[in-house]
Amino acid sequence: MFKLFEPNKIFSITSKAPKYVLFLFVIVLSVGLTEALILSPEDYKQGHSVRIMYVHVPAAWIALGIFSAVTLLSILGYITKFKNFFLIAKSLAPSGFVFNIVALVTGSIWGKPTWGTWWAWDARITSMLILALFYGMYLISWRIYEDKEKVFQVSTIITILGIINVPITKYSVDWWNTLHQPASINIFTKSSIHSSMLFPLLIMTAAFALFSLLIFLMKYNTELIKIKNKGLDRL
Amino acid sequence: MYGRKVKLRFFYIILILATLTLSVFLILKSLEENVVFFKSPSDIQVISELNKNKIRIGGMVKKDSISIIDKKLNFIITDFKNEINVVYSGVVPNLFTEGKGVVAEGYLKDKNFFSATKILAKHDENYMPPEVKAALEEK
């Protein structure tokens, strides 16, 4: 199985794939933005500020998703001692951090006209801020330690501590009274978002996922080049 | 096919995760009072003594309860079991209307009377175009 991770093979993929992903991303993003900003209807209550949701919600989903992936990869890396997992995790994290910040900022911009405040210390918003801090710690941990073993250890500890926060963020709106509204999209019960608004939301999610993939491929490619330059033939 | 060390590390991680989850759960459980963003009118009814601290009360704005008396906005917050009268002077957010969610920040005068210093509108999870809303109301 680990033969698949041969750097030369992966390198040939990661160095060519970005331009195709970029192409796809531009297409999906333009469709998504047209849908979200022009074609989709305004909300019966919020009016046009509902359009912020098409950026806010996908960004928050991706931020949570990437943190979970980074944690899983770090744990796998720790258990199997296979360094490639850490490198994949490291390359994924930056776009998750960026989307986390995007979710916080767009949420704040939406909150002012709708709730009447830029910021509230409710469970959902606070736990999302905590997630951003964990992302920050994770990214910094890769920069401050010289010793690779030390980096693997510290970054794994940070993700394990941070992952507890992920389900709290997800379910905070159900467990406690929060200013933030509960989830509109449910897998098992009927969603409370109209299909004309759900469609652009899903397209925008796909666009953001492609963006994360693009950044990941570029970051990971850089990691592989670093390994190549060191003259190592395996990870 | 996996070495003994690998298995050991696997269970080590599982144990750490279980311990952390349990401790965080217990911490949050005991801090529930402070984690909630607002209290409901029913929560207010059961408190034993009034304290002078700033609190938040949330619920629905009762239908036909908004009135302006003496240049002050009066309305009733309800959770359909209990209600509380709120008095406020200042700006309200656009989404503040009858029959919709609201969070009021301020001071309790007594168990049925609340003096608000800030009003926030609470948005619900329903998203739909105006035509759909109109069609739903016709039904």
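Here's a short Q&A on helix packing and chain contacts in a predicted model.

Residues are numbered from 1 along each chain as written, with chains lettered from A in the order written. Local features need pLDDT of at least 70, side-chain atom pairs count only at pLDDT 80 or more, and totals for chains, interfaces and linings use all residues.

User: Which helices do the buried residues of helix 5 of chain A pack against?

Analyst: Helices here are DSSP runs (H or I, at least four residues), numbered from the N terminus. Buried means 20 or more other C-beta atoms, placed from the backbone, within 10 Å of a residue's own, and in helix 5 of chain A that includes Phe152(A) and Ile158(A). The buried set sits on the same side of helix 5 of chain A because it covers an arc of only 160 degrees around the axis, taken from the directions from the helix axis to the C-beta atoms. Its packing partners are helix 2, helix 3, helix 4 and helix 6 of chain A.

User: Which exposed residues does helix 5 of chain A carry on the face turned away from its buried side?

Analyst: Exposed means 12 or fewer C-beta atoms by that count. On that face, the exposed residues are Glu149(A) and Lys150(A).

User: How are helix 4 and helix 6 of chain A oriented to each other?

Analyst: Their axes, lines fitted to C-alpha atoms over the stretch in contact, come within 8 Å and cross at roughly 160 degrees. Angles over 145 degrees count as roughly antiparallel, so helix 4 of chain A and helix 6 of chain A are roughly antiparallel.

Note on methods:
Helix = DSSP H or I, 4+ residues; strand = E, 2+ residues; numbered from the N terminus. Contact = placed C-beta atoms within 7 Å. Axes fitted to C-alpha atoms, helices over the stretch in contact; angles between N-to-C directions. Parallel < 35°, antiparallel > 145°, perpendicular 65-115°, else oblique.
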